[in-house]
Each structure stands twice: as structure tokens, then as C-alpha cells.
Amino acid sequence: MKVYLIAHTEQPEQVVAAAAKLCYSDSEVSTLMNDLTPEKTESFIDTLLNQLGHESPIEHASFTFAIEGVSRSLLAQITRHRHASYSVQSQRYVKLKDFNYVIPPVIAEDEAALAVFEAAMLNDRWSYNEITKILYTSHLQQYLKTGIDQKTAESQAEKKAIEDARFVFPNACETKMVMTMNARSLQNFFRQRCCRRAQWEIRALADEMLKLVCEKAPTIFKNAGPPCIKSRCSEGKMSCGMSEEVRNYYRELKENI
């Protein structure tokens, strides 16, 4: 898994503080950024989030991530977070002759399970390539019959072939994406996906994303993470029962940035 923060709102915390300042004062818009020292900005945001519970101003700060080395299983989960923008590598237009795949750690640690898993991946690769060849030949003949030139026919035939051959891909198939979320959506994302009960891969992604945004907006994300960081666990009977360990983990994660 590789995660990069490729863009973000310039001066994200000052922008949030300026937006909140407008809500609570009669300041002119032309002067909103005036006198917002780092100390005043930190104090303003801390009051905003931890005392007033006023979260809407942090929507003005957005963060864009480039992500690779994650599975299609993760893609199905992350796109449930609808207050975000996604651009994902297309299996319809990109031929993945030797697709990479993500191996769950518990399988990687079990020799017998790993052997079965890798055999399945090899079989899926073979199936994808064989189906692509068969469909390509059929589509090419059909396109040539319409009178279009050879080069165009070959290009269209391949695109048409991989469009259907991709149906054999497993959930483990690697994908890449660019994703943009505002800070409020990220707070919600971290509350759900940093929790120990979240699936391991998306939890690992959430941790990497949290590290990156904490570097750029430490005050906004000071208390970001699973609910048990600030209060009691919200999972009820399904709690992992490790709230103290989780608090220590995220405290150390942020201190080591």
C-alpha cells in the first residue's frame, strides 16, 4: 500500500478559522485572514471543535490522496463514504495482463492457505488473458467486416474484450485511485475506519491518511480517530475491549509524526 497527499487547501487551519470567525463576528470578508497567528488559529479551532462542537467550518479544508496497492475489496468499502470524490483506475480501459493482488496478512502467514490463494490468483490471470484472446479475435472480425481500418479495429476489439474479461477478477485485484475529502468527511471516515472493528486493509489505509493530514492540520485532527479516543467506545456489545490500547496507539502515532 502506498498513500500520498498530493494536494490540500493552502493554510487549511487558517481557512477554517477564518470561516468560523465570520460566523461569530461582524468582520469584513476582506479582513478575515488578518491577525490569524498560529496561536490564535489553534485556539479558535480547539474552541470550535472541542467546546462548541461546530464542525461545518472544517468542510472548507480539503485533502487529495493518491492511493495504490489496495484491493477492489477496499474500493467497495471506501466508496460508501459518499461525501468524497473518487477517480479509479478503470478495468474497462486498462488491460491488466499480469494484475497485482493484495494478500491478507492472515493468509500470508499460513503456508497452506497462501499456496491455495496464489494458485487461485494465477488461475484468474490465466482465465482473464484467455478470455481476452478469445473475445478479441471475435470482436476484431466483426469490426473488420464493418469496413474500418485494421489499427482502429484492433484497438476497439481489445477494449471490448477486456470489458467483459474483467468479470473474472477477484476482490484481491489491486487498484489505484485518487480521492478527495474535506476535513469533516475525513473526521467521519477516521471515526469509522480507525476502529479496531474495521476491516484490516481499510483500517491500515485510514491510519496512513491520518498521519498525512495531521502533518498539515494538527489542530483539526488532534482528536481524530476512533470514538474511544475522546470518550467511551460506541460499539456496545461488539466493542473490541481494548480502548486503552487504542488510545495509546493513536497518541503515539500522532506524537511520532
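Between which strand and which helix does the loop with Gln-11 lie? In this predicted model, Gln-11 sits in the loop that runs between strand S1 (2-8) and helix H1 (12-24). The backbone here deserves a second look. Most residues other than glycine have a negative phi. Gln-11, although not a glycine, has a positive phi of about 50°. The side of the story told by accessibility is an intermediate one: with a relative accessible area of 42%, Gln-11 is partly exposed.

Attention turns next to the interior. In soluble globular proteins, nonpolar side chains tend to be buried together. Here the largest nonpolar core has 41 residues, and the residues with the most contacts inside this core are Phe-63, Phe-65, Phe-190, Leu-210 and Phe-221. Helix H8 (residues 200-216) gives the most to this core, contributing eight residues. Phe-65 offers a handy way to explore the surroundings. Leaving aside residues up to four places away in sequence, Phe-65 touches Val-3, Tyr-4, Leu-5 and Ile-6, then Met-177, Val-178, Met-179 and Leu-186, and finally Met-209, Leu-212 and Val-213. Another core lies apart from the largest one and has ten residues, including Ile-162, Ala-165, Ala-172 and Cys-173.

The cysteines come next. A disulfide is a covalent bond between the sulfur atoms of two cysteines. A search of the whole structure finds zero disulfides. Why is Cys-194 without such a bond? The closest cysteine sulfur, in Cys-195, is 9.1 Å from the sulfur of Cys-194, which is too far for a bond. Cys-194 also counts as buried, at 1% relative accessibility. Cys-228 is likewise in no disulfide, and the nearest cysteine sulfur, that of Cys-233, is 6.0 Å away; for comparison, a disulfide calls for sulfur atoms within 2.5 Å. Cys-228 is buried too, with a relative accessible area of 7%.

Some of these cysteines reappear around an enclosed space. Rolling a probe the size of a water molecule over the atoms shows where empty space is left. Over the whole structure, the search finds one cavity of 30 Å³ or more. The largest cavity holds about 90 Å³ of space. Its lining is made up of 13 residues, and those nearest the centre are Cys-195, Arg-196, Cys-228, Cys-233 and Cys-240. Sorted by class, the lining has seven nonpolar residues, together with three polar and three charged ones. Cys-228 and Cys-233, the pair with sulfurs 6.0 Å apart, are thus both among the residues nearest the centre of this cavity.

Terms used. Residues are numbered from 1 along each chain as its sequence is written. This is a predicted model: local features need pLDDT of at least 70, side-chain atom pairs count only at pLDDT 80 or more; totals for chains, interfaces and linings use all residues. Side-chain values use heavy atoms; hydrogens and water are left out. On a 1 Å grid over the protein atoms alone, a cavity is a set of points where a 1.4 Å probe fits but cannot get out, and a pocket is an open set with protein on both sides within 12 Å along at least five of seven lines; lining residues have an atom within 4 Å of a point. Grid points are joined across faces, edges and corners, and a volume is the space filled by probe spheres set on the points. Ala, Val, Leu, Ile, Met, Phe, Trp, Tyr, Cys and Pro count as nonpolar, Asp, Glu, Lys and Arg as charged, and the others, Gly among them, as polar. Helices (H or I, at least four residues) and strands (E, at least two) are DSSP runs, numbered from the N terminus. Buried means under 20% relative accessible area, exposed over 50%, partly exposed in between (1.4 Å probe, protein chains only). A nonpolar core is a set of buried Ala, Val, Leu, Ile, Met, Phe, Trp, Tyr and Cys residues joined through side-chain atoms within 4.5 Å. Contact means heavy atoms within 4.5 Å.
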